[in-house]
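Below are some comments on the model you sent. They are kept to a few sites and are set out as numbered points.

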Amino acid sequence: MKIQERTGAGAGRSAAPAQPSVGDRLPTPPRERKPALAALAVLLILVGALGATMLVLQAGDRIEVVKVTQAIPAGGSVNTSNTTSVMVAKDDSIHYVEWAQLNELKKLKAVNAIPAGVVAVGEMFGSEAGVAAGKATVGLSLKAGQYPTGIKQGDTVAAYRVSTATGSGNSNGNSNSSSSASSNSVIADSARVSYVPGPKDSGDEIVGSTNLAVTLTVDSDKAADLAQAASNGEVALVKVPGNSGN
């Protein structure tokens, strides 16, 4: 009897509910798909690739052109001191002057005044620039001491007649001083420097050069006196108000 009871007790314990197997887990909800976000991501990738392609194409279609760094008056010319090179997108509708053409451009004259900071185009220059009515241009060859240091194209100057004659004086020396005073006079009180070579163009520094070629634009009624004084080496230039930075 005791053996049977123990057997029955063991059979009762074996009847306890078994643990669920690994394969019988609770079902998980399916992931929500977002096709709109996926399409947006693809679109952004395509836009980025297209933008990068356009930048590469534009960078490969740029040209080096002339940019004016200092104002050039009408009748003036470019040089290596008043220009620099910049890269721009090529456009056949705009007649850019390429940097490689700078030497040819130096031979031309500005048709009208050209402000600093603009990119040079062919329409700005011509073989002969027109001189405004009532004006004339006069060329001078000046020695050191006859022009101010740092004179440049576009400056406003006054042209003075300076006598180099010594003359003969009396015992008091009054004759020399009165003769010198009478010969020193203003020829043109407001002349515009139309041309002056830069250091790189002349191959020497302006201050150290023996002679400096300067072209002035003056009132036409002053041109004859200025030209005569210049031929005798009796002209000195002085900067006057009207220049940038004064």
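How many salt bridges does a search of the whole structure find? The search finds three. The model is a predicted one, and the points below should be read with that in mind.

1. The K135–D219 pair. K135 and D219 form a salt bridge in which the closest N and O atoms are 2.7 Å apart. K135 belongs to strand β5 (residues 135-143) and D219 to strand β8 (residues 211-219), so this pair ties together parts that are 84 residues apart in sequence. Neither partner is classed as buried: K135 is partly exposed, with a relative accessible area of 35%, and D219 is partly exposed at 33%.

2. The salt bridges of D155. D155 pairs with K152, the closest N and O atoms being 3.3 Å apart. D155 also forms a salt bridge with K239, and here the closest N and O atoms are 3.4 Å apart. The second pair links distant parts of the chain, since D155 sits in the loop between β5 and β6 (156-161) and K239 in strand β9 (residues 235-239), 84 residues apart. Through shared partners, K152, D155 and K239 are joined into one network.

3. Exposure within that network. Is D155 buried or exposed? D155 counts as buried, because its relative accessibility is 3% and the limit for burial is under 20%. The two lysines fall in another class: K152 is partly exposed at 29% relative accessibility, and K239 is partly exposed at 33%. As background, side chains of opposite charge can pair when their charged atoms come close.

4. Geometry of helix α6. Helix α6 covers residues 220-231, which is 12 residues. From its first C-alpha to its last it reaches 17 Å, close to the 16 Å expected at 1.5 Å a residue. Just after α6, G233 takes a positive phi of about 70°.

5. The two sides of helix α6. Which residues of α6 are buried? They are A223, L226 and A229. Seen down the helix axis, the buried residues of α6 fall within an arc of 145°, so they line one face of the helix. The face turned away from this buried side carries the exposed residues D221, A224 and S231. The cover over the buried residues of α6 includes strands β5, β6, β7 (185-195), β8 and β9.

6. The surroundings of S85. S85 is placed in strand β2 (residues 83-89). S85 is partly exposed, with a relative accessible area of 28%. Leaving aside residues up to four places away in sequence, S85 touches E64, V65 and W99. With E64 there is also a polar contact of 3.1 Å, which joins the side chains of the two residues. T69 lies 16 residues from S85 along the chain, and the C-alpha atoms of S85 and T69 are separated by 9.7 Å.

7. Points to keep together. The K135–D219 salt bridge involves strands β5 and β8, and both strands are among those that cover the buried residues of α6. Strand β9, which holds K239, is also part of that cover.

Methods: Residues numbered from 1 in each chain as written. Predicted model: local features only at pLDDT ≥ 70, side-chain atom pairs only at ≥ 80, totals over all residues. Heavy atoms only, no water. Helix = DSSP H or I, 4+ residues; strand = E, 2+ residues; numbered from the N terminus. Buried < 20%, exposed > 50% of the residue type's maximum accessible area, 1.4 Å probe, protein only. Contact = heavy atoms within 4.5 Å. Polar contact = N/O pair within 3.5 Å; in protein donor to acceptor, adjacent residues only side chain to side chain. Salt bridge = Lys/Arg side-chain N within 4 Å of Asp/Glu carboxyl O. Expected span 1.5 Å × (residues − 1). Arc of directions from axis to C-beta.
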